Amino acid sequence: MTVTDLKKIFVSQPAYEVVPVMEVKGRNHAMTLMSNALVPGSNFYIETGWVFGMPDPNPHIGEHVHDYDEIVIHLGTDPKDQEDLGGEIEFMVGGQPLIINKTSAVFVPKGVKHGPLTWKKYWHPHLEFTIMIGAGSLAQADPGGHQKLMGGKK
């Protein structure tokens, strides 16, 4: 692939299009970093948000399922120990608890129920990323099942 116009593939201004189901203390509204609207033809939906305190309500991301594969990343922000997540999260995947307390990535195949995500501990800020493979728009991605919970509001 030859790229002649880098402006077409570089996202320097994220979108703030995810409508949260509720206000969550300790979290910022998610930023969309990649979508077909931001980079036409990318066919990925990538969003991220800061966790800067113990989320309240907790859990605020319930059980849901997608018709696409998803990668969920929790990234610590301590430059002296990048594996230190800054919290401990119980993430239910396929009905089984997964304890996340280090920088990590989870591949969730399409059709597998996942959530809720419950923060058990918090000690410093960290980031949560979701990469939705083959979901190029907010409507296709419906991160966290939020839009369905809100009756399809987009």
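**A three-stranded sheet and its surroundings**

In the hairpin formed by β5 and β6, where 2 residues lie between the strands, G94 adopts a positive phi near 60°. This hairpin is a good place to begin a tour of the structure, which is a predicted model.

Strand β5 covers residues 84-93 and pairs with β6 in the antiparallel sense, over 6 bridges. Two pairs of residues help the eye to follow this pairing. E90 stands opposite I99 in β6, and D84 has K102 of β6 as its bridge partner. On β5 there is also a second pairing to follow, as β5 and β8 are joined in the antiparallel sense over 6 bridges. Here F91 stands opposite L117 in β8.

Taken together, these strands make up an open sheet of 3 strands, in the order β6-β5-β8 and with antiparallel pairing. β6 (96-102) and β8 (114-122) are the edge strands, and each has a single partner strand, so one side of each is left without a neighbour in the sheet. From one strand to the next, the twist averages 20°. How much of β5 is buried? The strand is mostly covered, with 9 of its 10 residues buried.

Strand β8 offers some details of its own. H114 is found in this strand. With a relative accessibility of 3%, H114 counts as buried, because the cut-off for that class is under 20%. A polar atom of the H114 side chain lies 2.9 Å from the backbone oxygen of V112. Further along, G115 and P116 are joined by a cis peptide bond, with omega at about 5°. P116, too, has its place in strand β8.

Another cis peptide bond joins D56 and P57, and its omega is about 10°. P57 is placed in the loop between β3 (44-56) and β4. The backbone also deserves a look at N43, where phi is near 55°, a positive value in a residue other than glycine. N43 is found in the loop between β2 (31-34) and β3, and it is partly exposed, with a relative accessible area of 36%. What makes such spots worth pointing out is a general tendency: most residues other than glycine have a negative phi, and most peptide bonds are trans.

Turning to charged side chains, the structure holds 2 salt bridges. In one of them, R27 is joined to E128, and the closest N and O atoms are 3.0 Å apart. This pair links distant parts of the chain, with R27 in strand β1 (residues 25-27) and E128 in strand β9 (residues 126-133), 101 residues apart. Are these two residues buried or exposed? R27 counts as buried at 15% relative accessibility, and E128 is likewise buried, with a relative accessible area of 8%. Both values fit the class because buried means under 20% relative accessible area.

The side chains of K102 and E83 also meet in a salt bridge, at 3.1 Å from N to O. Distant parts of the chain are linked by this pair as well: K102 belongs to strand β6, while E83 sits in the loop between β4 (69-76) and β5, and 19 residues separate them. K102 counts as partly exposed at 42% relative accessibility, and E83 is partly exposed with a relative accessible area of 48%. K102 thus takes part both in this salt bridge and in the bridge pairing with D84 described above.

Away from the sheet residues, L6, I9 and F10 make a nonpolar surface patch of about 330 Å². One of these residues, I9, has its place in the segment before β1. At 40% relative accessibility, I9 counts as partly exposed.

A last stop is helix α1 (residues 138-141), where A139 lies. A139 is partly exposed, with a relative accessible area of 48%. Between the C-alpha atoms of A139 and E63 the separation is 18 Å, and the two residues are 76 residues apart along the chain.

Methods
Residues are numbered from 1 along each chain as its sequence is written. This is a predicted model: local features need pLDDT of at least 70, side-chain atom pairs count only at pLDDT 80 or more; totals for chains, interfaces and linings use all residues. Side-chain values use heavy atoms; hydrogens and water are left out. Two strands pair if DSSP finds at least two bridges between them. Helices (H or I, at least four residues) and strands (E, at least two) are DSSP runs, numbered from the N terminus. Axes are lines fitted to C-alpha atoms, for helices over the stretch in contact, and angles run from 0 to 180 degrees between N-to-C directions. A salt bridge is a side-chain nitrogen of Lys or Arg within 4 Å of a carboxyl oxygen of Asp or Glu. Buried means under 20% relative accessible area, exposed over 50%, partly exposed in between (1.4 Å probe, protein chains only). Patches are made of residues with over 30% relative accessible area and no salt bridge: like charges are joined within 9 Å, nonpolar side chains (Val, Leu, Ile, Met, Phe, Trp, Tyr) within 5 Å. Accessible areas come from the Shrake-Rupley method with a 1.4 Å probe; for residues, only the protein chains shown count as cover. A polar contact is a pair of N or O atoms within 3.5 Å; within protein, one must be able to donate a hydrogen and the other to accept it, and residues adjacent in sequence count only if both atoms are side-chain atoms.
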